[in-house]
Amino acid sequence: MALIVQKYGGTSVGNPERIKNVAKRVAKFHAQGHKMVIVLSAMSGETNRLIALAKEISPAPSPRELDVVISTGEQVTIGLLCMALEEMGVKARSYTGGQVRILTDNAFTKARILDIDGANILRDLDAGSVVVVAGFQGVDDAGNITTLGRGGSDTTGVALAAAIKADECQIYTDVDGVYTTDPRVVPEARKLDTITFEEMLEMASLGSKVLQIRSVEFAGKYKVKLRVLSSFQEEGEGTLITVEEDKNMEQPIISGIAFNRDEAKITVLGVPDKPGIAYQILGPVADANVDVDMIIQNVGHDGTTDFSFTVNRPDYEKAIKILEGVQGHIGARAIEGDRTMAKVSIVGVGMRSHPGVASRMFRTLAEEGINIQMISTSEIKISVAIDEKYLELAVRVLHRAFGLDQA
Ligand code: ADP
Ligand code: ASP
Ligand code: MG
């Protein structure tokens, strides 16, 4: 008998039939004697629909009211799942984030969980109920509804598992585990039986949306046993996120490839090559809450240099405007940009002990005529920024070059 948190994503609860299927799976675990806490997303497409609806009324809605609107999708699915369970004779109770009391900060649309009161849940579990909790939402200390950022139901699941000390947190989705890369882009991608937290953190932060990055951070910090599985398959062990590398196994050099389409590049041309320039360029950008990712400053010629960096594409126009505002003050000759960039990253703890990974990556891209515009590295990843139109090709050739398509 175990205490299990299961999270089901949007596709897994996308219509009444699928909700009934989730109920069947939950009822099966419940009948085996496990205590079950279920975290749900909104039906697939629903959060996007709600955001679009809000934008029809207001192009830049107040974040507080946006959260009031976009948190409703999850309230629908938790009620429906409880009804489905009750139809099967299983006692079930739904909770919104506020009803549990998932306390967050007040950063609307990207709030962080501060504390979870597990008392109601534990009481219901002891009384023999299945507990069904709305993902993606919480309340701040003034009682305002908040949401946790896109994909945030994963984080609700893991944070709840940590709070009630669950034996395992199972993330059920539309793929049967974490793959070497997004199987929708590379059909030859292979499912991994295990992946380390470190690698999963990099994959998530570099664009693999199979798990929200904060859920992986939580699981690592609170030692939650975390597994990704398919809600459409009866059998299968999915992928276990592990703390330790498996010392008994030959480590692959690269475990996976992540990518992100939504990048843009900005270059500030002809700035004076002197101390303080990077600060003068990036300071105002940071003050406007724009995240900067890769940065390059070229060698100076004749006392001037070019300074390039990438931002998320939705922030591109904002960043350009800010820089045009300070261009005169900095003494820059011009500001240029490209809003159709993408980032491809190879990730693997095996990189630490294998030199030559970067050169193999760069050669592979060169052989396809793909121009690398920026590079950034850490101990276990190498990222390159390229023109978005080569993204799929780059991921496919790298997947092959590093032998990821072979078992
Ligand atoms: P859910 O609605 O269940 O939360 P998501 O759409 O958020 O599901 O995440 C699952 C999707 O993540 C998959 O359908 C897949 O296309 C995508 N994905 C991206 N990278 C990977 C990867 N490395 N392994 C598995 N899935 C991935
Ligand atoms: N429904 C929210 C979203 O679409 C949260 C989630 O599904 O994890 O982002
Ligand atoms: Mg998701």
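A polar contact, as the term is used here, is a pair of N or O atoms within 3.5 Å. Keep that cut-off in mind as we walk through this predicted model, because it decides which atom pairs around the ligands deserve a name.

Let us begin at ligand 1. An oxygen atom of this ligand has a polar side-chain atom of Thr 173 at 2.6 Å, and that distance falls inside the cut-off of 3.5 Å. Arg 184 also reaches ligand 1, with a polar side-chain atom 2.5 Å from an oxygen atom of the ligand. From Lys 7 comes another such pair: an N or O atom in the side chain lies 3.0 Å from an oxygen atom of ligand 1. On its own, ligand 1 has 570 Å² of accessible area, and the protein covers 91% of it.

Stepping back to the whole shell, you will find 17 residues around ligand 1. The closest are Thr 173, Asp 174, Tyr 179, Asp 182 and Arg 184. Sorted by class, this shell holds six nonpolar, six polar and five charged residues.

Thr 173 is also a good guide into the fold, for its bridge partner in β11 is Ser 230. Strand β9 (residues 168-173) and strand β11 (residues 226-230) run parallel and are joined by five bridges. Both strands belong to an open sheet of eight strands, and if you trace across it the order is β3-β6-β2-β1-β9-β11-β12-β10. The pairing in this sheet is mixed. At its edges sit β3 (92-95) and β10 (194-196), each of which pairs on one side only. From one strand to the next, the twist averages 20°.

Against this eight-stranded sheet packs helix α7 (residues 153-163), which touches β1 (3-8), β2 (35-40), β6 (130-134), β9 and β11. The direction of α7 makes about 155° with that of β2.

The start of α7 brings us to the second ligand, since the helix covers residues 153-163 and Ser 153 is among the residues surrounding ligand 2. Together with Ser 153, the surroundings consist of Ser 41, Thr 47, Glu 74, Phe 136, Arg 150, Gly 151 and Gly 152. By class, this shell divides into one nonpolar, five polar and two charged residues.

Which atoms of the protein approach the nitrogen and oxygen atoms of ligand 2? Glu 74 places an N or O atom of its side chain 2.7 Å from a nitrogen atom of the ligand. Thr 47 has a polar side-chain atom 2.8 Å from a nitrogen atom of ligand 2. Gly 152 takes part through its backbone, with an N or O atom 3.4 Å from an oxygen atom of the ligand. Taken alone, ligand 2 exposes 260 Å², and the protein buries 86% of that.

Now let us move on to another sheet. Here six strands form an open sheet with antiparallel pairing, in the order β14-β15-β13-β16-β18-β17. Its edge strands are β14 (292-297) and β17 (374-378), and each of these pairs on one side only. Neighbouring strands of this sheet are turned by 25° against each other on average, direction ignored.

To look inside this sheet, follow strand β13 (residues 256-272) alongside strand β16 (residues 334-347): the two pair in the antiparallel sense over 11 bridges. Thr 267 stands opposite Glu 336 in β16, while Val 268 has Ile 335 of β16 as its bridge partner. Strand β16 also pairs with strand β18 (residues 381-387), again in the antiparallel sense, over seven bridges. In that pairing, Ile 346 stands opposite Ile 382 in β18.

A helix packs on this sheet too: α10 (residues 277-287) touches β13, β14 and β15 (304-312). The direction of α10 makes about 25° with that of β15.

Technical notes: Residues are numbered from 1 along each chain as its sequence is written. Chains are lettered from A and ligands numbered from 1 in the order in which they are written. This is a predicted model: local features need pLDDT of at least 70, side-chain atom pairs count only at pLDDT 80 or more; totals for chains, interfaces and linings use all residues. Side-chain values use heavy atoms; hydrogens and water are left out. A residue is near a molecule or strand if one of its heavy atoms lies within 4 Å of it. A polar contact is a pair of N or O atoms within 3.5 Å; within protein, one must be able to donate a hydrogen and the other to accept it, and residues adjacent in sequence count only if both atoms are side-chain atoms. Accessible areas come from the Shrake-Rupley method with a 1.4 Å probe; for residues, only the protein chains shown count as cover. Ala, Val, Leu, Ile, Met, Phe, Trp, Tyr, Cys and Pro count as nonpolar, Asp, Glu, Lys and Arg as charged, and the others, Gly among them, as polar. Two strands pair if DSSP finds at least two bridges between them. Helices (H or I, at least four residues) and strands (E, at least two) are DSSP runs, numbered from the N terminus. Axes are lines fitted to C-alpha atoms, for helices over the stretch in contact, and angles run from 0 to 180 degrees between N-to-C directions. Contact means heavy atoms within 4.5 Å.
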